[in-house]
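The following exercises concern a ligand and the pockets of a protein. Please study the sequence and the structure before reading the solutions.

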Amino acid sequence: MKVVSVINHKGGVGKTTLTANLGAGLAARGRKVLLVDLDSQASLTVSFFTQTEWTDGLLPTRTIKHWYDDVGTANAMEDMTPLIVAPPRVHTRLSRSGGHLDLIAAHRDLSDVDTALAAGLLVDPGRFGLLHRRLRDGLSHKSLAEYDIALIDCAPNFGLIAKNAVAASDMLLIPTKPDYLSTNGIDSLGLKIRTFTEEYNAHGAGPIDRPPAAVIFTMVQNHDGKPIETQRSVISRIEARGVPTFSTTIRDSKSVYGPAPEHGVPVILGGTGRALTRELRDLVSEFSSRLDRTAA
Ligand SMILES: Nc1ncnc2c1ncn2[C@@H]1O[C@H](COP(=O)(O)OP(=O)(O)OP(=O)(O)O)[C@@H](O)[C@H]1O
Ligand SMILES: [Mg+2]
């Protein structure tokens with residue numbers, strides 16, 4: 001199973017929307033996909049489950065928080081399988097594809113867990129490897145070998161749990177709005193990722209390689225089939241600096257992307273707006289070929 005994190009410490013750039021659509025698009029092509037929601041806002045979870053299904057059915061026992069509970073003790077879970085759930089509405093849409101989409105839900109206290117783990121690490125730095133490898137260990141367990149890919153939706157921060165995602169990943173996707181401030185954001189995220197992988201290896205937790213990362217431009221405003229001039233110049237500037245970027249971009253469409261989570265089915269499966277779904281399918285194709293090029 002390949003593991004890919006959708007990560008950007010900047011908020012509201014389209015991480016969750018991208019994760020949901022890529023996951024559903026891959027499943028529609030027959031892949032077995034596991035989504036992991038690492039954000040206490042639980043936007044990915046509630047894009048597939050209703051609020052009630054989440055709070056009553058999942059929060060008590062089946063969230064990613066339960067994977068971090070009691071870590072380092074005899075009570076810690078050893079296998080993530082009991083946490084995995086199948087979103088019902090998307091499941092119906094995928095029934096003829098041969099593919100499958102499952103999810104490990106978020107918990108609303110996940111950011112507190114993140115802070116508590118980081119505080120515990122300060123007290124006992126010897127737990128560095130144990131805490132930062134926790135997600136990697138879970139996702140590499142043989143019980144998950146039937147999945148082709150895990151897609152991880154990160155919260156807009158670079159805390160211990162986001163670092164877990166980086167340590168677990170074969171590849172990183174960085175959704176970015178093509179505006180001036182995002183250029184800085186990409187540089188600072190790149191630096192954080194590099195510093196973390198060096199720290200991880202220095203602690204003897206690895207060795208891991210820094211996962212290859214690529215920027216996907218989101219919320220792009222098109223005119224005559226191309227991004228408007230101001231956005232095009234930002235995209236060119238980022239490309240000129242040698243940052244790997246997807247040639248497919250995701251256009252800005254509040255009216256389509258806004259309501260989708262409420263229906264529990266991502267836009268790519270929803271059949272609204274042909275140009276828009278074509279672009280999302282192109283993105284799935286480009287992503288698949290990039291992923292195939294990363295080491296097995
Ligand atoms: N291509 C798009 N065009 C227009 N609106 C979009 C697009 N993608 C996402 N949105 C909207 O922008 C908002 C933020 O999107 P999303 O939740 O995917 O971002 P995020 O990076 O995951 O945010 P956070 O950092 O809070 O987790 C949502 O209301 C979503 O519907
Ligand atoms: Mg999000």
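Two exercises with worked solutions follow, based on a predicted model.

**Exercise 1.** Describe the surroundings of ligand 1 and state which pocket holds this ligand.

**Solution.**
Step 1. Begin with the neighbours. There are 18 residues around ligand 1, and Lys15, Thr16, Thr17, Arg251 and Ser253 come nearest. By type, this shell comprises 5 nonpolar, 8 polar and 5 charged residues.
Step 2. Identify polar contacts, taking 3.5 Å as the cut-off for a pair of N or O atoms. An oxygen atom of ligand 1 lies 2.8 Å from a polar side-chain atom of Lys15. A polar backbone atom of Ser253 is 2.8 Å from a nitrogen atom of the ligand, and an N or O atom in the side chain of Lys254 is 3.2 Å from a nitrogen atom of ligand 1.
Step 3. Consider the cover. On its own, ligand 1 has 630 Å² of accessible area, of which the protein covers 82%.
Step 4. Locate the site. Ligand 1 takes the space of the largest pocket. Two or more residues of the ligand shell come from each of α1 (15–28) and α12 (254–257), with α1 giving the most, 3 residues.

**Exercise 2.** Characterise the second largest pocket by its volume and its lining.

**Solution.**
Step 1. State the volume, which is about 330 Å³.
Step 2. List the lining. It has 19 residues, and Ile174, Ile186, Gly190, Arg210 and Ala213 are the closest to the pocket's centre.
Step 3. Assign elements. At least two lining residues come from each of β5 (171–176), α10 (180–202) and β6 (213–217); α10 provides the largest share, 7 residues.
Step 4. Classify the residues: 13 are nonpolar, 2 polar and 4 charged.

Methods:
Residues numbered from 1 in each chain as written. Chains lettered and ligands numbered in written order. Predicted model: local features only at pLDDT ≥ 70, side-chain atom pairs only at ≥ 80, totals over all residues. Heavy atoms only, no water. Near = heavy atom within 4 Å. Polar contact = N/O pair within 3.5 Å; in protein donor to acceptor, adjacent residues only side chain to side chain. Areas by Shrake-Rupley, 256 points an atom, 1.4 Å probe, with all protein chains shown as cover. 1 Å grid on protein atoms, 1.4 Å probe; cavity = no way out; pocket = protein on both sides within 12 Å on 5 of 7 lines; lining within 4 Å. Sits in = over half its atoms within 2 Å of the grid points. Helix = DSSP H or I, 4+ residues; strand = E, 2+ residues; numbered from the N terminus. Nonpolar A, V, L, I, M, F, W, Y, C, P; charged D, E, K, R; others polar. Points joined across faces, edges and corners; volume = space filled by probe spheres on them.
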